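Here are my notes on the model you asked me to look over. Keep the viewer open and follow the points one by one.

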There are 2 protein chains.
Amino acid sequence: EDIKIGKEIIKSGQRIKPWHIPALLEVDVDTIRVWKIKVGVLSTGDELVQGRVKNTTQPMLLSLIREYGFEPVNLGVSNDDIDEIRRILDENPCDIYIITGGTGPSEKDESKQFLAKYGTIVFHGLNIRPSRTTGFGVYNGKPVFIISGLPVAALIAFENVIFPIIKCWLNLEGEKECKVNGILDRAVTNIIGVKSFVRVKIYEKEAQIFVEPLKVTGSGVISSVIDADGYLILDENSEGLPEGSIVEVKLIR
Amino acid sequence: EDIKIGKEIIKSGQRIKPWHIPALLEVDVDTIRVWKIKVGVLSTGDELVQGRVKNTTQPMLLSLIREYGFEPVNLGVSNDDIDEIRRILDENPCDIYIITGGTGPSEKDESKQFLAKYGTIVFHGLNIRPSRTTGFGVYNGKPVFIISGLPVAALIAFENVIFPIIKCWLNLEGEKECKVNGILDRAVTNIIGVKSFVRVKIYEKEAQIFVEPLKVTGSGVISSVIDADGYLILDENSEGLPEGSIVEVKLIR
């Protein structure tokens with residue numbers, strides 16, 4: 001009744017939000033074709049298959065994928081074996097793949113070898129910290145991300161590399177980023193040439209917002225994320241920031 | 001390995017986020033008790049039961065409930081009959097109920113009558129626009145929200161009354177609100193004594209953020225939400241705001 005003729009209710013590629021439903025029903029559209037984007041996660045590493053190391057990253061990624069509105073597909077674990085990786089991907093058709101582990105600088109890193117032999121590497125290695133070893137390629141026409149098996153590195157890669165690329169690739173609209181400005185309560189340092197994602201806590205004092213960088217000793221330190229409200233992103237040209245700087249923080253969801 | 005003894009990973013009442021999973025796994029917690037909060041939605045109105053009016057609000061609310069992380073329960077439609085309402089609620093145990101329709105100022109408004117007769121009315125009627133007829137009460141120890149059956153009013157009530165009350169009631173932590181400041185590109189007016197939720201669009205021009213109030217002719221006008229990026233909230237003491245005011249906009253998710 002209130003929707004005018006010619007009014008565009010939803011664009012192709014846009015995510016359906018709750019309020020689109022009454023608008024579609026008002027114009028007598030009660031079914032629409034939707035594309036559920038399947039994102040498969042494969043963890044690689046003999047140590048995971050043998051159970052010597054706990055796979056904490058895969059369940060986090062599957063949960064992140066669902067949180068971001070995609071359909072997670074658990075591809076389990078694979079040995080460091082490019083043909084096993086290939087077989088698992090072939091047997092489980094997905095729209096996007098994420099492979100964890102085996103993406104370091106060494107020669108025997110099998111995710112990278114898999115992409116190099118059977119697919120195409122678009123990029124490998126980024127000047128970001130954590131998550132330097134992030135790579136991206138194509139296998140069988142499908143985008144494949146190769147990322148660290150460490151949970152914090154995988155989280156940073158997902159939120160800051162994988163999701164932005166998917167968003168751009170699928171033309172996803174209406175995905176807002178939440179940011180807040182505050183006063184840095186302690187100096188932070190950075191290595192020139194590296195873009196750093198510093199986990200921070202936000203607090204209020206005397207009606208002002210303060211940003212506290214969390215002390216981090218390694219990219220496996222998931223507790224730094226548990227306590228964080230967001231990231232402060234230090235540019236590759238920055239040597240760091242003094243206490244008292246006004247900074248922008250990207251809130252984590 | 002990196003989680004120190006005594007470190008609190010997750011509080012009771014906190015929502016589980018993807019990064020809690022690796023942290024819990026690291027300390028060998030692989031199952032935890034979770035409370036899936038069931039929110040039941042019942043739409044009332046003879047006109048809905050007879051199919052004379054399309055029920056566009058109920059599927060939107062069910063989708064909103066899921067989007068906000070709760071478990072939606074479809075309680076269908078009921079006639080304007082307080083005993084039918086009671087029977088449906090008794091047969092479908094939920095943690096929270098939302099009843100749409102029958103909450104207006106007239107004597108024959110059955111949601112209100114239902115609460116008055118079989119439960120307790122905590123409040124009924126708010127000086128907000130849209131969604132003046134919002135009410136809240138308790139039936140059988142369970143919170144019951146009674147809201148308008150019009151989709152925009154129901155949406156505003158859900159986001160600005162129901163969810164904040166649930167958040168407060170359950171002590172839900174870490175739910176951030178997204179806000180942005182911008183320049184109002186057209187004057188808006190308000191009626192003293194009423195808190196108004198004005199749907200607005202946000203756009204950028206010459207590196208500045210502008211806020212455009214959408215023209216709205218009635219609270220059933222769902223197209224005003226389709227086009228909106230957020231709300232501008234006008235306080236009950238405000239007569240309105242002139243063009244050029246710096247305003248804060250609450251982004252819709």
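1. Start with the side chains of Ser196(A) and Asn190(A), which are joined by a polar contact of 2.6 Å. Bear in mind that this is a predicted model. The side chain of Ser196(A) has a polar contact with the side chain of Arg129(A) too, at 3.4 Å.

2. Where does Ser196(A) sit? You'll find Ser196(A) in strand β10 of chain A, which covers residues 195-205. Is Ser196(A) buried or exposed? Its relative accessible area is 3%, and the cut-off for buried is under 20%, so Ser196(A) counts as buried. If you set aside the neighbours within four places in sequence, Ser196(A) is in contact with Arg129(A), Asn190(A), Leu232(A), Ile233(A) and Leu234(A).

3. Now zoom out to the whole of chain A. The domain assignment splits chain A into domain 1 (1-34), domain 2 (38-169) and domain 3 (179-251). Measure from centre to centre, using the C-alpha atoms, and domain 1 of chain A is 35 Å from domain 2 of chain A.

4. Helix α3 of chain A (residues 57-67) is a good one to colour by burial. Its buried residues are Thr57(A), Gln58(A), Met60(A), Leu61(A), Leu62(A), Leu64(A) and Ile65(A). Here's a handy bit of background: an α-helix has 3.6 residues a turn, so residues three or four places apart point the same way.

5. What do the buried residues of α3(A) pack against? Within chain A, the partners are β1 (38-44), β2 (71-78), β3 (96-100), β7 (142-147) and α6 (151-169). There's also a partner from chain B, namely α1 (20-26). Just after α3(A), look for Gly69(A), which takes a positive phi of about 95°.

6. Over in chain B, have a look at Val49(B), which belongs to helix α2 (residues 46-49). Val49(B) has 37% relative accessibility, so it counts as partly exposed. Not counting residues up to four places away in sequence, Val49(B) touches Val77(B), Ser78(B) and Asn79(B). Pro130(B) is another matter: from C-alpha to C-alpha, Val49(B) and Pro130(B) are 25 Å apart in space, with their positions 81 residues apart in sequence.

7. How do the two chains relate? Rotate chain B by 180°, with 0.0 Å of shift along the axis, and it superposes on chain A with an RMSD of 0.0 Å. That is the relation of a two-fold axis. In chain B, the C-alpha nearest the axis belongs to Cys178(B), 2.9 Å away from it. Both copies use the same surface, as 100% of the contact residues of chain B recur in chain A.

8. Next, the interface itself. Chain B puts 39 residues into the contact, and chain A puts in 39 residues. About 3,300 Å² is buried between chain B and chain A, and carbon and sulfur atoms give 66% of that area.

9. How many salt bridges are there between chain B and chain A? The count is four. One salt bridge to look up is Lys54(B) with Asp28(A), where the closest N and O atoms are 2.3 Å apart. Across the interface of chain B and chain A there are also six residue pairs in polar contact. On the side of chain B that touches chain A, α1, α3 (57-67), α6 (151-170) and α7 (223-226) each supply at least two residues. The most comes from α1(B), with six residues.

Methods. Residues are numbered from 1 along each chain as its sequence is written. Chains are lettered from A and ligands numbered from 1 in the order in which they are written. This is a predicted model: local features need pLDDT of at least 70, side-chain atom pairs count only at pLDDT 80 or more; totals for chains, interfaces and linings use all residues. Side-chain values use heavy atoms; hydrogens and water are left out. Domain bounds come from an automatic or database domain assignment. Buried means under 20% relative accessible area, exposed over 50%, partly exposed in between (1.4 Å probe, protein chains only). Helices (H or I, at least four residues) and strands (E, at least two) are DSSP runs, numbered from the N terminus. Contact means heavy atoms within 4.5 Å. Copies are superposed by least squares on the C-alpha atoms of residues with pLDDT of at least 70 in both. Buried area is the accessible area (1.4 Å probe) that two parts lose on being put together, summed over both. A salt bridge is a side-chain nitrogen of Lys or Arg within 4 Å of a carboxyl oxygen of Asp or Glu. A polar contact is a pair of N or O atoms within 3.5 Å; within protein, one must be able to donate a hydrogen and the other to accept it, and residues adjacent in sequence count only if both atoms are side-chain atoms.
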